[in-house]
Amino acid sequence: MYISNNLLKEFVKIPKNLSTDEIASLLNLHTVEVEKIIYLKEQFKNIIVAEVLEVNNHPKADRLKLVKLNTGDEVLEVICGADNVEEKQKVALALAGAILSNGLEIKETEIRGIKSNGMICAEDELGLGEDHEGIIVLDKKAKKGQNLADYFKLDDIIFEIDNKSLSHRGDLWGHYGLARELAAILKAQLKPYSNFIQTVNYKEANDFKVKIINKDLCPRYLAWRVENIKVEESPQWLKNKIIAAGYRPINNIVDASNYVMIESGQPLHTFCGDKIKNIEVRLAKKGESVKTIDEKDRVLSENDLVITSEKQILAIAGIMGSLDSAVNLDSQSIIIESANFDAVTIRKSSQSLGLRTEASARFEKSIDPELAPLAMKRLVTILKDLCPQAEFISKPSDVINYQENKINQIELEFSWLYKRLGKEIDKNEVVSILEPLGFKTEINNDTLLLTIPSWRAVKDVKIKEDILEEVARIYGYNNIEPSLPEVKLKPLLDNHELKLERKIKDFLSKSAAFFEDYNYAFVDEKQLLKMGVDTSLHWRLANPSSQNYTLLRQSLAPNLISSIIFNQHKFKKLSFFEIGRVFFPVEGDYDKEGRKDNLPLQEKKVSLVIAGYENSFSKAKGVIEALIKNLLGNNQEIEFSILENNHQWSDSNWSIDIKLGSENLGYIVKVKKEVADKLNLKLQTTIVEINFSKLLDIYKNISGIKYQQESRFPALERDLAFVIDKKVSYNKLYKAIKDFNPLIVEVDLFDVYLGDKLEKHLKSLAFHISYQSSEKTLSSQEVDNIQNDLVKFLKDNFSAKLRDF
Amino acid sequence: MMKSKLEQIKKDFLESISKVKNQKDLSNLEHKFFSRKGELSMILRNLKDLDLKSRQEMGKLANSLKTDLKNIIKKTKDILNKENMDDIVDPTLPGEKLITGNLHPITIVKREIEDFFASLGFMSIDGPELESDYYNFTALNVLAHHPARDMQDTFYIDSKNKEGQYDLLMRTQTSNAQVRAMLKHKAPLRAIVPGRCFRCESTDARHEHTFYQLEGIMIDENINIAHLKAILEETGKFLYGPDTKLRTRPKYFPFVEPGLNGEFSCFLCQGKGCRVCKNSGWLEVLGCGLIHPHVLKAGGIDPDKYSGFAFGFGLDRLVMLKYGIKDIRFFHSGDINFLKQF
């Protein structure tokens with residue numbers, strides 16, 4: 001919102017020695033956020049008054065003219081397309097470097113071989129009006145070379161306020177509200193708004209009636225017919241005020257009602273009154289439609305409030321008027337509306353129609369219904385001045401559907417106030433903060449009884465904490481000295497989740513040399529389809545911000561694969577990990593609202609991607625084994641077994657589950673060649689995914705690492721190679737050997753042979769097998785006996801034969 | 001028997017050493033004779049099978065041979081070293097390359113802040129990213145159709161409840177964990193919630209639909225504005241050094257009353273004004289306030305007995321400031337040239 005310094009000064013006396021920056025800073029520190037200070041004059045930089053000396057036709061373009069101008073300093077040639085340019089006119093000339101209100105920067109250019117040194121501007125190009133019929137012609141007496149801002153007396157300074165910082169303060173959507181704040185901050189005098197109101201005489205007559213059907217949606221409705229008006233261009237003083245607040249002047253009636261809104265914060269509307277009989281405010285009927293003044297047809301629903309006359313819709317209440325009922329240059333009679341509408345209704349309509357206006361932005365913040373009559377009176381005061389011949393017909397209709405002059409009070413203790421502030425301040429100081437804001441105060445010992453002004457009682461001041469805020473912000477947050485709280489010591493609970501996450505990240509990034517990756521929770525549906533993933537059971541965003549991210553991920557793999565693709569041209573070997581949540585269409589652990597059903601399951605996963613290594617799959621297994629032992633202890637027996645549920649995108653030969661006891665922790669898979677080709681993934685890639693919460697459950701319950709005394713007796717090591725069918729997995733053979741005898745303490749695979757010397761369906765696995773007892777030194781004989789039994793056992797169970805080297 | 005073996009060893013050794021040309025040959029030789037399974041070692045180990053007298057005699061012999069041979073190795077080594085000195089070496093050659101990985105910069109900063117708050121007795125907790133409308137908005141005093149909902153462009157999940165409304169969303173703020181934490185841990189309570197949040201907006205160098213916040217709450221008897229300011233000031237000093245100052249002004253957040261905006265003096269220019277702080281001398285990094293009594297009530301806490309403060313930082317903004325990262329999109333880029341720098 002634009003706040004004009006000049007207009008503020010009409011309502012509050014600002015000390016002369018206070019600079020613009022200081023005013024902005026005070027507003028920032030106590031009330032709202034000033035985003036920018038705009039010096040209107042700078043918007044007219046390099047735009048000057050010039051006199052037209054000669055007008056000739058452009059030799060090479062029929063519709064263009066060559067205009068010679070005197071700027072006071074020099075004579076320039078400019079090319080102009082307007083029909084109304086004539087000799088001896090004073091015009092607005094934008095020179096090189098000027099920036100027009102539509103953002104166009106003026107440069108010296110050449111049009112069909114002739115140089116143009118600037119541009120003669122139309123009204124709309126300067127942001128001074130809507131006219132684009134021709135160039136703006138200035139007063140004959142205008143001074144050549146004068147800056148246009150000086151010519152129009154546009155010397156205002158504008159504070160641009162962040163609208164978000166006003167979203168709870170309907171009372172600050174006009175200058176008067178902000179003037180009140182400044183008065184409270186500066187302890188300066190605020191002129192009563194009634195000073196700006198004069199009573200007007202009206203002609204007794206029987207006129208239209210106002211009927212409100214949905215009373216709760218329209219707390220107040222004032223309407224007044226004015227006849228014998230003359231719709232015309234506004235005088236410069238009014239235009240200037242409108243321009244300063246960021247509006248374009250349209251005509252005297254519209255400008256005046258916009259001006260009163262800018263001042264008071266109350267949106268007003270004017271209808272062309274020629275045809276209006278009676279006014280009815282009601283909810284629209286389903287399917288009813290209206291063409292609004294922006295010339296768009298709007299289909300309404302039963303939730304939209306409308307202003308009607310007979311069967312005609314005059315306006316969508318509080319949002320926008322209809323084109324048919326708009327005031328035009330021929331209007332003889334107008335009806336002024338100053339009303340109050342239900343904030344939620346306006347907001348819902350504005351959202352469902354996709355139509356946000358200055359009026360709707362204000363109504364949805366909740367406006368004081370007692371402002372409506374004030375604004376009406378202010379507008380007619382101005383109209384009387386603009387159109388002295390105007391006649392006001394009967395008394396204004398005023399329908400009141402709320403309890404008028406209701407007294408809202410809050411009681412609080414000074415001691416409570418000081419406890420929350422963290423500082424004791426003088427009671428009189430508290431009163432001198434609240435009174436200028438409109439609160440009436442009554443002190444009784446420690447008790448402060450406050451009457452809330454109507455403009456604050458509408459919405460934002462309801463409880464004593466709201467008063468705490470008023471006192472604290474006007475007193476100044478920076479005047480409250482920081483002081484650390486004194487509280488009872490309480491040890492922190494052991495946070496297993498945090499600890500485990502840190503351990504995993506440390507191991508993977510430091511010991512395993514992986515890069516930690518952060519990916520979106522969203523995933524590209526096209527990519528999933530290329531991977532053969534069924535996307536029908538993925539959560540979908542109702543309003544995605546990009547077509548590449550429409551689904552919630554169910555696996556970290558797709559986005560990690562994208563990271564490989566991103567880097568594959570720059571690096572030959574890549575390894576990333578990520579810890580993050582994935583989302584499933586089943587109920588999880590988090591409650592939804594204290595109700596019975598829970599939020600969707602959103603588990604944390606640990607995922608790794610390894611690409612470009614000679615054997616990425618084997619590296620992945622090695623890392624996982626080391627990781628789990630690092631987290632849970634060296635005695636953990638990890639089992640890798642052939643994956644039970646294969647992914648559509650994984651190579652079924654290279655897909656295994658990671659098991660710890662009975663718990664399935666996750667999987668390791670290689671990305672299928674066909675899928676890699678579709679994704680343009682050039683490197684051989686392996687993916688690991690581990691369920692974090694399962695890992696956490698185990699982590700929480702492990703008894704911790706215990707030191708194991710190494711046996712005092714030496715181990716005997718024997719090397720054996722077994723020839724077995726290729727279908728028998730290493731895993732099975734390993735387990736068979738390991739579990740065969742308690743004296744077998746270590747089984748370490750050191751060679752796999754598949755080749756010419758063996759039949760095609762066979763392979764050879766060679767192991768170092770260590771035998772050790774904690775009670776004695778084993779003799780060769782004892783070991784030989786076990787070994788013979790082992791060889792026999794493997795022969796019987798796996799048809800394994802000892803290999804001759 | 002044993003004696004002849006020793007002599008054979010000596011002979012073999014002397015023959016081998018005459019052929020040694022470099023350090024590598026020498027170390028192979030040393031290994032051959034002296035390693036655990038080396039020839040001389042085996043002899044010494046077998047001594048235990050002899051009778052006492054022979055053991056003493058042979059032991060002496062074998063040990064003196066060992067000493068002699070070791071001396072020869074040492075001398076040879078010295079000679080080889082000397083020869084080597086004459087070669088031209090380049091000790092400035094690069095060392096063996098160690099492959100390392102990295103933590104994500106957000107993880108690094110998150111940990112630092114978690115540890116800082118742990119030192120003040122704040123636990124670090126997490127909340128769901130896919131959240132209900134209730135915990136993200138309603139419980140935080142942002143009722144349906146409140147204009148404050150405009151402040152955050154919410155990603156809704158395409159699934160409507162029985163009333164035909166979207167009631168699942170991607171959390172727009174870590175504040176969703178406030179009421180959850182109150183219900184679970186009760187008062188008094190000190191907690192931080194670092195986590196990722198989502199807002200439906202298009203991305204550019206300064207905006208991301210996925211971003212990171214760090215929320216903090218403290219609830220106890222008589223918590224006040226001065227306490228809030230002190231904790232935040234300490235946080236600023238921790239983040240940006242002991243001279244850091246805090247500046248606060250009003251700002252509207254529906255879940256706090258009063259609501260404040262917090263700025264730290266710029267660590268780069270010490271408040272003088274520079275490009276990072278847009279010449280203001282201050283870095284706008286946080287929102288805070290005293291927890292609204294409606295929110296305390298939603299969390300099952302009696303606002304007459306307890307009061308509390310809440311604050312929230314843009315965690316990714318802190319990371320960008322710390323490392324001088326200018327484009328927020330790097331965080332989710334997966335670009336190793338970015339990730340390897342931290």
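Me: Before looking at individual strands in this predicted model, when do two strands pair?

Reply: Two strands pair if DSSP finds at least two bridges between them. In this predicted model, β12(A) and strand β23 (residues 391–400) of chain A pair in the parallel sense over two bridges, and within that pairing A:Phe392 in β23(A) is the bridge partner of A:Tyr202.

Me: In which order do the strands of the open sheet that holds β12 and β23 of chain A follow one another?

Reply: The order is β12-β23-β14-β22-β15 in chain A, five strands with mixed pairing. At the edges stand β12 (202–203) and β15 (268–272) of chain A, and because each has a single partner strand, one side of each is left without a neighbour in the sheet. As a general idea, the side chains of a regular strand alternate between the two faces of the sheet.

Me: Which strands does helix α6 of chain A lie across?

Reply: Helix α6 (residues 252–264) of chain A lies across β15 and β22 (334–340) of chain A, and its direction runs at about 160° to β15(A).

Me: How many strands form the open sheet of chain A that runs from β27 to β32?

Reply: Seven strands form that open sheet, in the order β27-β30-β31-β35-β34-β33-β32 of chain A, again with mixed pairing. Here β27 (515–516) and β32 (638–642) of chain A are at the edges, each with a single partner strand, so one side of each has no neighbour in the sheet. Within the sheet, strand β31 (residues 598–611) of chain A runs antiparallel to strand β35 (residues 685–691) of chain A, the two being joined by seven bridges, and A:Ile610 stands opposite A:Thr686 in β35(A). Helix α16 (residues 557–567) of chain A packs on this sheet, where it touches β30 (574–591), β31, β34 (663–671) and β35 of chain A, and its direction makes about 30° with that of β31(A).

Me: What are the partners of β38 in chain A, and in which sense do they run?

Reply: Strand β36 (residues 716–725) of chain A is joined by 10 bridges to strand β38 (residues 762–771) of chain A, and these two run antiparallel; A:Glu717 stands opposite A:Ser770 in β38(A). Strand β37 (residues 744–753) of chain A also pairs with β38(A) in the antiparallel sense, over eight bridges, with A:His768 in β38(A) as the bridge partner of A:Asp748.

Me: At what angle do helices α11 and α13 of chain A pack?

Reply: Angles of 65 to 115 degrees count as roughly perpendicular. Helix α11 (residues 427–434) and helix α13 (residues 464–475) of chain A pack at an angle of about 95°, with their axes 9 Å apart, which makes α11(A) roughly perpendicular to α13(A). In this contact, A:Val430, A:Ile433 and A:Leu434 of α11(A) meet A:Glu470, A:Val471, A:Ile474 and A:Tyr475 of α13(A), and by class the residues are six nonpolar, no polar and one charged.

Me: How many residues of chain B are in contact with chain A?

Reply: There are 63 residues of chain B in contact with 74 residues of chain A. On the side of chain B that touches chain A, α8(B) gives the most, with six residues, and by class that side has 30 nonpolar, 20 polar and 13 charged residues.

Me: How far apart do the C-alpha centres of the two domains of chain B lie?

Reply: The domain assignment of chain B gives domain 1 (2–86) and domain 2 (105–339), and their C-alpha centres lie 73 Å apart.

Conventions: Residues numbered from 1 in each chain as written. Chains lettered and ligands numbered in written order. Predicted model: local features only at pLDDT ≥ 70, side-chain atom pairs only at ≥ 80, totals over all residues. Helix = DSSP H or I, 4+ residues; strand = E, 2+ residues; numbered from the N terminus. Contact = placed C-beta atoms within 7 Å. Axes fitted to C-alpha atoms, helices over the stretch in contact; angles between N-to-C directions. Nonpolar A, V, L, I, M, F, W, Y, C, P; charged D, E, K, R; others polar. Domains from an automatic or database assignment. Parallel < 35°, antiparallel > 145°, perpendicular 65-115°, else oblique.
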